[in-house]
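User: I'd like to learn how to read a structure like this one, feature by feature. Could we begin with the ligand site?

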Amino acid sequence: MPYIDWMGKDDVKDHHKNIAYKTIECKEEIGDIDSENMIIKGDNLLALKSLLPYYASSVKMIYIDPPYNTGNTSWVYNDNMDSPLIKKWLNDTVNAEDLSRSDKWLCMMYPRLKLLRELLKDDGVIFISIDDAEVEHLKMICNEIFGVENFMITLVWQKRYSRENREAIGDVHEFVSVYAKDYKKANINKLEITEEQAKIYRNPNNDPKGRWRGIPMTAQDGHATKDQFYEITAPGGKIHTPPKGRCWGIIKSTFEKHLANNRIYFGKDNNSQPNIIRYLSEVDGMRPWSWWPSSEAGHTDEAKKEINNILGKGNTFDTPKPVRLIQRILKIATSKNDIILDSFAGSGTTAHAVLEQNKEDGGNRKFILIETLDYAKDITAERVKRVIKGYEFTGKDKTTLYEKKLTTTQILKPETMERVSQEVSKILEDEKLNYTKIEKTFKENTIKVTGIKDIKSFKDGIGAGFKYCELSHDIFDEFGELNSKLTFDQIAKHIYFVEFKKPIDKTTIKAPFVGSYKSKYIYFFENKFLKRDMKELIKQNNNYKQIIVYTTKTSISDDELKDNNIIIRYIPYDIKDN
Ligand SMILES: C[S@@+](CC[C@H](N)C(=O)[O-])C[C@H]1O[C@@H](n2cnc3c(N)ncnc32)[C@H](O)[C@@H]1O
């Protein structure tokens, strides 16, 4: 497999293992206090590591939209680690002049992708927005981290619907790179069929079963069997055989079954080539494909309007994604109770899309967002809060009052144009008091009159809630001891994760019992583990396979512990899992 190397790779390869675990402190609860949604302010490298004890192998869909490293906007490299090269880069502003721009970007992305992979469920999928600047490098590191066999597709999203004229070849798309944790387990849902796509289903013969379309019955004859060549006599008497180089797509007995069930259409004259009837009601959706046009997945203008509506036009966030893009990803890659993570949260579009999707299908998906900049509170959390609670907005309500597409012949005919002009004038006169402004346009041979009303309105909240959190204490203090500020719960969750590499699966933890897994029981005795404690544990847990006790000291002998199948793990050394 081709392999990518860059400056600093050796330094970052295992960096994710050396990141300190921190506690995640909830600072504010917004809306429903039982909500498990979270927005964390902090560097995602630290936040992702700190999420592991709670969410390892639990996240179904990750969406990230990291800096694209185009050089047009700068970002700062600030992952401190013990390497002279990396220390030299610290707090560097990475911009167009920086010739090691890609090396720094790869050093920034690599450990984060490693942690993101650990958070993904076995059937989970990650979607990464990117553009031409780093798409090849991203693919190379993802092949290494997720495995080339788990590459699913690179989606092409049409971010703009109008021509971009600044470049020699206008750029209207971005990519979304898609990797599964395990390709064989990943499950991608179909998309609902839109009315545009359903247009081909019609009902010219008033079929009581509703709209349908005819599927041609022939196929290429390359792998055809004998059974796929036979004569079909149409009700009108015409005999059909497959054209040269083609065969029937179904064997004779299947054709006869379809015929008996009125599933074959021979055209209006009852004599045309047979088609199989497929009813719209039987279509269970469309397989997504790699081309995501702006008409279906939104565009950047729409994204900017979305956040302007919610936060006001003065907001300073310039690179939001449209809700429709992320909601489409949610539709194909999640089901109703999944956990969704976005560790480059920006304006919080991912949370907005999760709330919209839950509203649409009654789901209970949960989101975790991470944003490092100070606007985590005033933009990211504020947007999500307004979506939940409702917000006032001023905007424009547009109504099409008249629309007529003209042929070139009509345009060249003065009488026709005079008539259209009179129709338009009448509308302008009749409607002028009903709108703030009436706009008349003539584009692509279409005359359109639009009534525009300035509106001030209140958008109802979707409901739900989230916790606004910050990264707080290190699990270990500067002397390497367990931080004395931690609660039993926080230590228990950490111990459980270190022991079993999975998050604890209960909500209430009562000291000294931490949790159990496959008949192994874990306890945490903060001070000392005494003989009477041992007797109590043995009494409580008949049939245990093993008892694991985390503590600082014990006076019980090794033999006695062994006889009772009890293992002692000493704090802090034995919980420093790196
Ligand atoms: C392109 S924006 C994401 C936009 C987002 N998809 C939206 O729709 O609003 C990238 C975001 O990642 C944040 N970011 C960059 N480095 C980060 C880090 N190390 N930890 C957390 N957030 C980071 C930036 O501050 C920025 O807000």
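Analyst: Sure. Keep in mind that this is a predicted model. A good start is to list the neighbours: the ligand has 19 residues around it, and Asp65, Ser347, Thr349, Glu371 and Tyr375 come nearest.

User: What mix of residue classes does the shell around the ligand have?

Analyst: Sorted by class, the shell holds 8 polar, 6 nonpolar and 5 charged residues.

User: Which ligand atoms pair up with side chains such as Asp65?

Analyst: For Asp65, a side-chain N or O atom sits 2.8 Å from a nitrogen atom of the ligand. Thr349 has a polar side-chain atom 2.5 Å from a ligand oxygen atom, and for Glu371 the distance from a polar side-chain atom to a ligand oxygen atom is 2.6 Å. As for cover, the ligand on its own has 600 Å² of accessible area, and the protein covers 88% of that.

User: Now the overall layout. What domains does the assignment give?

Analyst: The domain assignment lists domain 1 (9–191 + 289–392), domain 2 (195–282), domain 3 (395–458) and domain 4 (486–575). Taken over C-alpha atoms, the centres of domain 1 and domain 3 are 42 Å apart.

User: Let's look at some strands. In what sense do E23 and E24 pair, parallel or antiparallel?

Analyst: Strand E23 (residues 513–517) and strand E24 (residues 520–525) are antiparallel, with 4 bridges. One bridge to follow by eye joins Phe513 to Tyr523 in E24. The two strands make a hairpin with 2 residues between them, and Lys518 in that turn has a positive phi of about 45°.

User: And where does the chain go from E24?

Analyst: E24, helix H17 (residues 531–540) and E25 build a right-handed β-α-β unit. E24 pairs with strand E25 (residues 546–551) in the parallel sense over 6 bridges; there, Phe525 has Thr551 as its bridge partner.

User: How do I spot unusual backbone geometry?

Analyst: Start from the usual case: most peptide bonds are trans, and most residues other than glycine have a negative phi. Then look for exceptions. Ala511 and Pro512 are joined by a cis peptide bond with omega about 0°, and Pro512 lies in the loop between helix H16 (488–500) and E23. Another cis peptide bond, with omega about 5°, links Ile571 and Pro572; Pro572 belongs to the segment after strand E26 (566–570).

User: Where is Ser57, and what is its phi?

Analyst: Ser57 is in the loop between helix H3 (44–55) and strand E3 (59–64). Its phi is positive, about 55°, although Ser57 is not a glycine.

Methods
Residues numbered from 1 in each chain as written. Predicted model: local features only at pLDDT ≥ 70, side-chain atom pairs only at ≥ 80, totals over all residues. Heavy atoms only, no water. Near = heavy atom within 4 Å. Polar contact = N/O pair within 3.5 Å; in protein donor to acceptor, adjacent residues only side chain to side chain. Areas by Shrake-Rupley, 256 points an atom, 1.4 Å probe, with all protein chains shown as cover. Nonpolar A, V, L, I, M, F, W, Y, C, P; charged D, E, K, R; others polar. Pairing = 2+ DSSP bridges. Right-handed = clockwise from strand over helix to strand, strands pointing away. Domains from an automatic or database assignment.
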